[in-house]
Amino acid sequence: MEEDKNIKVALIGNPNSGKSTIFNELTDSNQCVGNYPGVTVEKKEGSKKYEGYNISFIDLPGIYSLSTYSDDEVVTRDFLLKEEPDVIVDIIDAASLERNLYLFTQVVELDIPIIIVLNMADIVEYNGQKIDEKKLSKLLGISVVVTIGNKKKGIGELLDCIIENYCIGKDVGKVFEMSQNAKVDYGDDIKTEVDKLKVLIAKDSLLSKFPKNWLSIALLDNDSSALNLISKANNVQEILAQFKKSKNHIKEHFGEKAETEIADKRYGFANSVVKTVVQKTGQKKINITEIIDTFALNRYMGIPIFALAMHIIFKFTFTFSEPMTNLFSLFFKWFGSTVAGIIPPGIAQSLIVDGIIGGVGGVLVFFPLILFMFFAIAFFEDSGYMARAAFIMDKVMSRFGLHGKSFLPLMLSTNGCAAPGLLATRILDSKRDRLITMLVVPFMICGAKLPVFALIIGAFFSVKYQAGVMFFMYVLSVVIALSIAKLLNKTILKGETAHFVMELPPYHMPTIKGLLLKMWERSWMYVRKAGAIIVFISILIWVAFAYPKAPIDVNLNQNEQAALQVECSFAGRVGKVIEPFFKPIGMDGGRAIALIAGFVAKEAIVGALGTIYAIGHDEENSQSLKDRIATDKDWSPLKGITFLIFCLIYAPCVVSVAVFFKETGSSYKWLALLVVGNTVFAWLAAFIVFQIGIFLKIGVR
Amino acid sequence: MEVIKRIAKSIYDYWRKRWIKAHFQRFKAFNRCLQHNSMAKLSSAVPGSYRFVVAYCDEKLGRRLLEMGFVPGEEITVITNTGAKGSIMIKIKESKIALSNKIADNILLKRK
C-alpha cells in the first residue's frame, strides 16, 4: 500500500438536508444536529482513515444556491471557491429532489468531482414514490449513493465512492468529460454569450484559476461574488463591457432578465431529471405533518400551543430533576464531611472542603436539572417544532423590531449557551436584524445562569411554586429582551426588519439515540466547565476569603470568628469598598464578589456563593448551600429576586463577550454598549425592584 | 344566569357574523380580481392551487425566492393564509415555505 493520501471532502446541500447527520456518521463525531434550518453556521472539520487514505470531511452551512447574502452562506461559498476541495459530496433531501438539484446544477459547473447523496430515502418511500438511483447515476454520469442518515445506511458505499472519485479527480479532462451530461444546457443563445465571456476571462491570469465556465455563467447570473472577482482582474473594462452587451442581448432575445432565464433553464433541467427518475409506487400515505400543522400553526391556537409546549418543558424538567437534585446535594454533603474526616483540619482541609467541594459541588448539584432541560429542548429541536415556533413568533417578534428567525438564536441561548446563540445569528439576512438580535441574546437565561436561578428559587419558594416562578423568570427574560429590542429599534438601529421567508421541515419522530447523544454532549460541556474553570475560580475565591488570616480571639465563638475572618480577608476588604454600590440593591460584599466572578462564567456565581458560605459557617452542622441561603438572616425573598434580576441582565460572560466582539467585526462601540450598558441597566432594574419591594414590604424579613 | 347566557350568545353571534362576512368578502374580492385581471396577490389568496407570475421586490429577496423555486409558471399551493399582518404558508416544489404577509403582498398569482 502506498503512504497515506489526504483527501479533502466538502459536504454541501440545502439547509436541513441532513449534512451534519451524515458528517457525524462519517467521522464518528457528535456534532450538533437539529430539525430546523441553520443548525450549522460555521464550517466544521472531521477526519477518518479509510483504506490507507486520510479523508478529512468539512461540513458546511446549508445553501440554496451559490449566490449568497447571509453570513453563513458566505462561509460555504468561500470554502468551495478558495480552498478547492478534492471531492464535493452534494447531500440531497430526496423528498424535495427538484429544489435540491438546482443547487447541484450550479455546483457541478465548478468542475470538481462530485457525488450525489440521496438522503432521507425512507421518507420518499413513505410518500409513495421511488427514486431510481441507477437511472439517475446513468443520466448524469455521476455516482449516486442512497443513505438514510440517522440509520447509518449507505455510509460505507459513500466512502468507497469518495475514493473512486478522488482517483478520477486527478485527471482534469476526465472530470470535465464525466460531468458533461450533468451540466445544464442553456440553449445556443446563452451559450454563445458565455463563450464570449470565457475567452475574455481566460486572458487574465488571476481569473483563469477559477473554473471559467462557472465564472462566466455566474456573471450572467448577476452574482455579486463573481462581480467582485472580476473587479480585481486586469481587463475589467473589457469584461464588463462584454458582460453588459451579453445581458442586454439575452434580455432582448428572451424578454426576461438573464438571471430569471438561467434559473428557468436550471429548474427545467432539474424537472426533467425528476420526471425520468421518480416513479410512483403507491398511494401517498396520510401526511402527519399537515395534520399537526393545522393545529400548531393555527391563527388562534398557534401561540397558546407554543406557550403550552414551553410550559411542558419546565414542568417536565422540574418534576423529574427534583429528586435527583436532592440526591446529588446529599451526596456532596456526605462527600464533604467524609473528606473533612480524612484530612486533618487546617489549610488543606479548608481548601479542599470549603473551596473545591463547596464551589464545584454547588455547581454540579444542578447537573440533573441541566440534563433534563437539554433532553426536553432536544426533543423540540429534533421533532421540527422549532422552525414552526420561529414562524409563529414572527408576528410577535416583528412588532419589536426583530426578525422571526431571531427566535432560533434566542432559543438556542435559552438553556443552551449565549455563545452558539450569537453565532447562530448568522442565519439572519440583514446586518441590522443581526445586530439587534446579538444585543438581546445575552439576556436569555442560559444553561449557566440556570443553576443560579434554581438555587435562589429553590431556597425561597416551596416546591409547588418553583416551576411557576422559574417560568415567570423566563417570561421576564423574554420581556426584557423584546423591550430592549424595541428600544434599539426606536433609537440607534432604526429601520425595517427584513422579510420573513423560511422553509418548514417536515416533522419526524426524534430517535432516542439522537436525543440522548445531544443531551449528553451539551451536559458534558457543563461538567467539563465545572471541572476546569469553576475549580479554578473556587480556589481563587477561597484564597481571597481565607487570607490574610484574622487574629484568633479567644472570646469569640466559632461563628463570630468566621465573620471576623471574612471581614479581614482580601475579598472582604474589596467587598467593603464596593459594598456602597451594591447596598441600594440589597447586596452585601460577598454577593458582589460572586457577581464579579460570574463575569468569567455564570456558573461561578453558584460556586463562589458555595465557597463563601462554606467559609462563613462552622463545619459541624453543615447544611446544603440552599438551606444556608434560605435560613441566612441577610437574605430575604426580595433580596433573592433582586439578585436574580441583576444576574439576568448584567454583562454576559467572557466567552460570549469575545464571540460578540468577533461577530460584530471587532467594534468597540457595540462591545462597550453590551458590557457597560447591560451592567448599568441591571443595576437600575434591580434598584427599582428592591426599593419598591422595601416600600411595599413585599418579601422582607 | 339567563342574562349572562344571552349576552354570551349575542357576542358570539356578532363575532361569527363578522367572521363569515370578512371571509366571504375576501373570497369574493379575490376571485373577482382573478377573473378581471387574470392575476391576484398572494397575500389575499384563498387556499388552493395557483401559478406563480412575478414577485416585485429588491434583488436580494428576488434571488432568494428564485432559488426556493419561485420560477414563473410554477405551481403554488396555498395551505393557510392568516390574513393581514399574519403570514402565509405555501407549498412549492414539494417543500413547505412560510412567508410573511409583507412579501406576499408583492407576489402575483394566476389561475392554475
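Is A:Glu84 buried, exposed or partly exposed, and how many other C-beta atoms lie within 10 Å? Keep that in mind while the tour, which follows a predicted model, begins with chain A as a whole and comes back to this residue.

**Chain A in overview**

Select chain A and display its C-alpha trace, which spans about 100 × 55 × 55 Å along its principal axes. Colouring by secondary structure brings out 31 helices and 9 strands in this chain. Of its 701 residues, 48% are buried. If contacts in chain A with a separation of 6 or more are considered, 75% of them join residues 24 or more positions apart.

**The open sheet of chain A**

Now select strands β2, β3, β1, β4, β5 and β7 of chain A, which in that order make up an open sheet of 6 strands with mixed pairing. Because β2 (44-50) and β7 (144-146) stand at the edges and have a single partner strand each, one side of each is left without a neighbour in the sheet. Going from one strand to the next, the twist averages 25°.

Within this sheet, pick out β1 (residues 5-13) and β4 (residues 87-93) of chain A, which pair in the parallel sense over 5 bridges. One place to zoom in is A:Ile12, whose bridge partner in β4(A) is A:Asp90.

From β4, step back to the loop between α2 (71-83) and β4 of chain A, where A:Glu84 is found. Its phi is near 50°, a positive value in a residue other than glycine. As for the opening question, A:Glu84 has 13 other C-beta atoms within 10 Å and is therefore partly exposed.

**Two helix pairs in chain A**

For the next stop, show α16 (residues 367-383) and α23 (residues 512-546) of chain A, which pack at an angle of about 140° with their axes 8 Å apart. That angle makes α16(A) oblique to α23(A), and the crossing of the two is right-handed. To see the contact, display side chains including A:Phe367, A:Phe374 and A:Phe379 on α16(A), and A:Leu515, A:Met519 and A:Tyr526 on α23(A). Taken over the whole contact of α16(A) with α23(A), the residues divide into 11 nonpolar, 2 polar and 3 charged.

Then move to α20 (residues 431-440) and α22 (residues 463-490) of chain A, whose axes come within 9 Å and cross at roughly 140°. These helices are therefore oblique to each other, and α20(A) passes α22(A) in a right-handed crossing. On the α20(A) side the contact is made by A:Ile436, A:Leu439 and A:Val440, while α22(A) brings A:Ala481, A:Ile484, A:Ala485, A:Leu488 and A:Asn489. By class, the residues of this contact between α20(A) and α22(A) are 7 nonpolar, 1 polar and no charged.

**Where chain A touches chain B**

Turn chain B on as well, and select the contact between the two chains, which takes 23 residues from chain A and 25 residues from chain B. On the side of chain A that touches chain B, at least two residues each come from α3 (97-107), α12 (258-277), α17 (385-399) and β9 (501-504). It is β9(A) that gives the most to this side, with 4 residues. The side of chain A that touches chain B has 12 nonpolar, 4 polar and 7 charged residues.

Stay with β9(A) and add strand β5 (residues 95-100) of chain B, since these are a pair in the antiparallel sense, joined over 4 bridges. Zooming in on A:Val501 shows B:Leu99 as its bridge partner in β5(B). Add α17(A) to the view, which lies across β9 of chain A together with β4 (87-92) and β5 of chain B, and runs at about 145° to β9(A).

**A sheet shared by both chains**

Widen the selection to the open sheet of 7 strands with antiparallel pairing, whose order is β9(A)-β5(B)-β4(B)-β3(B)-β2(B)-β6(B)-β1(B). At its edges stand β9 of chain A and β1 of chain B, each of which pairs on one side only.

At the chain B edge, β1(B) pairs with β6 (residues 107-111) of chain B in the antiparallel sense over 2 bridges. Here B:Ala40 stands opposite B:Leu109 in β6(B).

The last stop is B:Ser38, placed in the loop between α1 (2-37) and β1 (40-41) of chain B. B:Ser38 has a positive phi of about 55° although it is not a glycine. With 12 other C-beta atoms within 10 Å, B:Ser38 is exposed.

How values were computed
Residues numbered from 1 in each chain as written. Chains lettered and ligands numbered in written order. Predicted model: local features only at pLDDT ≥ 70, side-chain atom pairs only at ≥ 80, totals over all residues. Pairing = 2+ DSSP bridges. Axes fitted to C-alpha atoms, helices over the stretch in contact; angles between N-to-C directions. Parallel < 35°, antiparallel > 145°, perpendicular 65-115°, else oblique. Left-handed = near helix turned anticlockwise from the far one by under 90°. Contact = placed C-beta atoms within 7 Å. Nonpolar A, V, L, I, M, F, W, Y, C, P; charged D, E, K, R; others polar. Buried ≥ 20, exposed ≤ 12 C-beta atoms within 10 Å, placed from the backbone.
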